[in-house]
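These are my notes from a session spent looking up helices, a cavity and a pocket in one chain. I began with a helix and worked outward from there.

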Amino acid sequence: MHDHRRLGRELNLFDTDPLMGAGLPYWLPDGAIVRHTLEEYIREAERRAGYRHVYSPALGKRELYEISGHWEHYGDDMFPPMDLGAEQVLLRPSLCPHHALIYRSRSHSYRELPLHMAELGGMYRSELSGVLGGLTRVRAITLNDAHIFCTLEQVVEEARAALELIARAYADLGIRASRHRLSLPGEGGKYVAGPDLWRRATALLREVLDGSGIPYEAAEGEAAFYGPKIDVQITDPAGRESTLSTVQIDFHQPERFDLHYIGADGAKHRPVMVHRSIIGSVERAVAHLLETHGGAFPAWLAPVQLVVLPVAEDQADNAHALADRARELGLRAEVAGPEQGTLGARIRAARLVPYQAVIGGREAAADLASPRLRDGRRPPALPTAELLRRIADRVASRGTDLWDRS
């Protein structure tokens with residue numbers, strides 16, 4: 001069983017410091033590579049799916065969250081207001097109010113819809129110290145968030161496409177959903193009023209799930225305060241379940257922010273807002289990846305993708321030349337020379353690196369390298385250009401396979 005907190009420290013990915021505060025991890029260089037690569041993967045996947053990216057501030061006036069309903073229904077999880085002259089501002093607990101304002105800042109025609117707006121943005125939650133842990137429960141969160149503004153007729157297809165995007169990302173990341181949950185409201189005053197809107201949103205989400213052929217379970221009391229949602233659940237090695245990805249249909253915030261578009265009839269119409277997150281928080285996603293793969297990330301995500309191992313000092317120049325060529329191809333490559341120990345010791349030290357290239361006297365003389373794969377396979381020696389091409393192709397294709405099986 002892998003614990004991401006232990007692995008994070010052992011692999012020099014992230015850590016914490018009491019002077020920074022609990023629930024506020026910092027990222028070391030290798031961890032920053034994993035995080036940056038994951039974020040760029042998400043941005044690219046969203047761009048291909050037609051999303052446009054925005055940036056919005058991590059602060060907002062208290063009035064903003066009063067309009068959205070966060071202050072009333074989510075205030076216990078928010079940090080206290082900060083006084084700025086006559087105004088009060090808060091660290092945001094969510095990105096959706098900001099995106100609603102961005103949508104509202106321009107007029108929109110029905111011809112523009114669906115409008116896909118995405119952001120990898122910071123948000124903050126006032127978690128109690130007792131529930132904080134590693135990267136899974138933190139106070140500063142980087143959320144992979146997106147909002148689709150669409151017509152009622154478009155909403156089912158947009159939500160279904162969001163589920164497909166999530167499934168493709170899970171395949172590339174080598175993780176799997178343990179189940180899908182339709183999260184519904186429960187008893188109490190946690191939820192906004194509007195029973196008709198809740199019924200409509202729930203019926204649409206059921207249509208999405210049924211049409212996608214995805215088995216699901218309904219769970220009362222797990223909805224967002226403004227609407228029902230589809231939660232994609234994951235399970236860690238200890239059997240603990242959590243939510244990683246979500247798809248939500250929201251009639252509430254378009255109404256609260258008076259959002260509209262101009263229809264074909266020239267009149268104003270209210271859009272529907274679909275909230276969608278492929279990997280949820282970057283912190284929780286990295287924690288789950290660490291525990292799922294035990295630190296052996298998919299090759300495209302690994303902090304170091306190739307370690308070049310000269311058998312003796314005589315092959316050091318060949319090794320450094322190969323690493324330089326690998327870096328020119330965009331690969332993350334390092335050399336582990338004899339000064340770091342015996343060849344066997346260096347091979348063991350690089351056991352989590354997807355690819356190793358051993359260069360001895362015979363290989364150096366013929367411009368070859370002998371590959372060793374992390375999974376134990378040892379393909380025959382290849383010309384260095386061919387080896388780099390194969391590795392670069394596998395990294396570019398993403399996924400979890402280390403070698404072309406053809």
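**Entry 1: helix α7.** I am working from a predicted model, and I first checked the length of α7: at 1.5 Å a residue its 18 residues should span 26 Å, and the end C-alpha atoms are indeed 26 Å apart, so the two values agree. I then asked which residues of α7 are buried. I found W198, A201, T202, L204, L205, V208 and L209 on that list, and because they cover an arc of only 165° around the axis, they sit on the same side of α7. I noted the general rule behind such a pattern, that an α-helix has 3.6 residues a turn, so residues three or four places apart point the same way.

On the face of α7 turned away from the buried side I listed the exposed residues P195, D196, R199, D210 and G211. For the partners of the buried residues of α7, I recorded packing against α6 and against four strands, β9 (179–184), β10 (216–220), β11 (229–235) and β12 (241–250). Just past the end of α7, I noted that G213 takes a positive phi of about 70°.

**Entry 2: helix α6.** Since α6 had come up as a packing partner of α7, I repeated the length check on it. Helix α6 covers residues 155–173, and its 19 residues at 1.5 Å each should span 27 Å, which agrees with the 27 Å between its end C-alpha atoms. Here too I looked just beyond the helix, where G174 has a positive phi of about 70°.

**Entry 3: the cavity.** I searched the whole structure for cavities of 30 Å³ or more and found 1. The largest cavity holds about 60 Å³ of space. What lines it? I wrote down V192, A193, G194, L197, W198, A201, Y226, G227, P228, I249, F251 and H252, and I saw that helix α7 (residues 195–212) gives the largest share of this lining, with 3 residues. W198 and A201, which belong to this lining, are also on my list of buried residues in α7. Sorted by class, the lining of the largest cavity has 9 nonpolar and 3 polar residues, and no charged ones.

**Entry 4: the second largest pocket.** I next turned to the second largest pocket, for which I noted a volume of about 580 Å³. Its lining comprises 28 residues, and those nearest its centre are L11, A349, A350, L352 and V353. The elements that give two or more residues to this lining are α1 (4–10), β17 (333–335) and α11 (343–349). By class I counted 17 nonpolar, 4 polar and 7 charged residues in the lining of this pocket.

**Entry 5: A316.** I looked up A316 and placed it in helix α10 (residues 316–328). Is A316 buried or exposed? With a relative accessibility of 10%, it counts as buried, because the cut-off for buried is under 20%. I also took the C-alpha separation between A316 and A364, which lie 48 residues apart along the chain, and obtained 9.5 Å.

**Entry 6: the whole chain.** Last, I stepped back to the chain as a whole and recorded 13 helices and 20 strands. Its C-alpha atoms fill a box of roughly 75 × 50 × 40 Å along the principal axes, and 51% of the 406 residues count as buried. Of the contacts between residues at least 6 apart in sequence, 71% join residues at least 24 apart.

Notes:
Residues are numbered from 1 along each chain as its sequence is written. This is a predicted model: local features need pLDDT of at least 70, side-chain atom pairs count only at pLDDT 80 or more; totals for chains, interfaces and linings use all residues. Side-chain values use heavy atoms; hydrogens and water are left out. On a 1 Å grid over the protein atoms alone, a cavity is a set of points where a 1.4 Å probe fits but cannot get out, and a pocket is an open set with protein on both sides within 12 Å along at least five of seven lines; lining residues have an atom within 4 Å of a point. Grid points are joined across faces, edges and corners, and a volume is the space filled by probe spheres set on the points. Ala, Val, Leu, Ile, Met, Phe, Trp, Tyr, Cys and Pro count as nonpolar, Asp, Glu, Lys and Arg as charged, and the others, Gly among them, as polar. The expected span of a helix is 1.5 Å times one less than its number of residues. Buried means under 20% relative accessible area, exposed over 50%, partly exposed in between (1.4 Å probe, protein chains only). The arc is that of the directions from the helix axis to the C-beta atoms. Contact means heavy atoms within 4.5 Å.
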